[in-house]
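Good morning, colleagues. I should like to take a few minutes to walk through some helices and two individual residues. Please look at the display as I speak.

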Amino acid sequence: MNIFLIGPMGAGKTTVGKILARNLGCNFEDSDRVIEERCGADISWIFDVEGEDGFREREATIIDELTRLNNVIIATGGGAVVLEQNRRNLNSRGTVVYLNTPIDQQVERTAKGQERPILRDGDPKEILTRLHEERDPLYRETADIIVHAENRNSKDLVEDIIRELGL
C-alpha cells in the first residue's frame, strides 16, 4: 500500500505521514528531506543557487524514485503538484490524499523559521493565497481523497484518512 500526501506548506503532511505510517506499519519518506540529504544542503540554499526550476527538477527525480517504493507513505512538498509528471507518478503509483488547509492556518504554521524560500520575499498571507489559487485545482485533480484539516489535530486527520481508505 502506497499513500502520498499532498497539500500546501503548513498542512501537516510530515506529521500526519509519520503517524499514518506508524499506524499502518508502512515506511515513511518526506520528499523534501530526501532532497536535502542527497544534496547536502537545505531547500532554501537549493532555491538560492538553482532557483525554483532547479529545485523542481530535483524534486521530480526524488518523487519518481520514492513513488516506486512499496508499502510507503510519502509527504510531498507543497509545490510537487506543479509538474505534470509528478501528478502522473503520484496518481499511478498509490492513493493520493490532499490535506486541504485554510490559508490562515498555513500562515500560522509557517510563521516560525525561514526554511520556506517561497515565503521570504513578500507578505506570507498574500503569497499563500496566490499559491492556493494556483495549486488548489491541481491538488483536487490529483487527489483520490480530500481531508479537510481546518483546526484539526494530526491524530484526527489520520483517523479520517484510515476511514476513507476503508481500513
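Is Val158 buried or exposed? Before I answer, please note that this is a predicted model. Val158 is buried, since its relative accessible area is 1%, and the cut-off for that class is under 20%.

Where does this residue sit? Val158 belongs to helix α7, which runs over residues 154-165. That helix contains 12 residues, and the distance from its first C-alpha to its last is 16 Å, close to the 16 Å expected at 1.5 Å a residue.

Val158 has company in being buried: Leu157, Asp160, Ile161 and Ile162 in α7 are buried as well. As a general point, an α-helix has 3.6 residues a turn, so residues three or four places apart point the same way. The elements against which the buried residues of α7 pack are β1 (3-6), α1 (13-24), β4 (95-100) and β5 (145-148).

For Val158 itself, if we set aside residues up to four places away in sequence, the residues touched are Val16, Ile19, Leu20 and Asn23. As for a distant position, Asp53 lies 105 residues from Val158 along the chain, and their C-alpha atoms are separated by 32 Å.

I turn now to another pair of helices. How do α5 and α6 cross? Helix α5 covers residues 103-110 and helix α6 covers residues 124-142; their axes come within 10 Å, with a crossing angle of roughly 130 degrees. Because of that angle, α5 is oblique to α6. The crossing of α5 past α6 is right-handed.

Which residues form this contact? From α5 there are Ile103, Asp104, Gln106, Val107 and Thr110, and from α6 they meet Lys125, Leu128, Thr129 and His132. Sorted by class, the contact of α5 with α6 comprises three nonpolar, four polar and two charged residues.

My last residue is Arg109, also found in helix α5. Arg109 is partly exposed, because its relative accessible area is 33%, and that class lies between the 20% and 50% cut-offs. Beyond its neighbours within four places in sequence, Arg109 is in contact with Gly10, Ala11, Gly12 and Arg152. Arg68 stands 41 residues from Arg109 along the chain, and the separation of their C-alpha atoms is 31 Å.

To close, I would set the two residues side by side: Val158 is buried, whereas Arg109 is partly exposed. Thank you for your attention.

Note on methods
Residues numbered from 1 in each chain as written. Predicted model: local features only at pLDDT ≥ 70, side-chain atom pairs only at ≥ 80, totals over all residues. Heavy atoms only, no water. Axes fitted to C-alpha atoms, helices over the stretch in contact; angles between N-to-C directions. Helix = DSSP H or I, 4+ residues; strand = E, 2+ residues; numbered from the N terminus. Parallel < 35°, antiparallel > 145°, perpendicular 65-115°, else oblique. Left-handed = near helix turned anticlockwise from the far one by under 90°. Contact = heavy atoms within 4.5 Å. Nonpolar A, V, L, I, M, F, W, Y, C, P; charged D, E, K, R; others polar. Expected span 1.5 Å × (residues − 1). Buried < 20%, exposed > 50% of the residue type's maximum accessible area, 1.4 Å probe, protein only.
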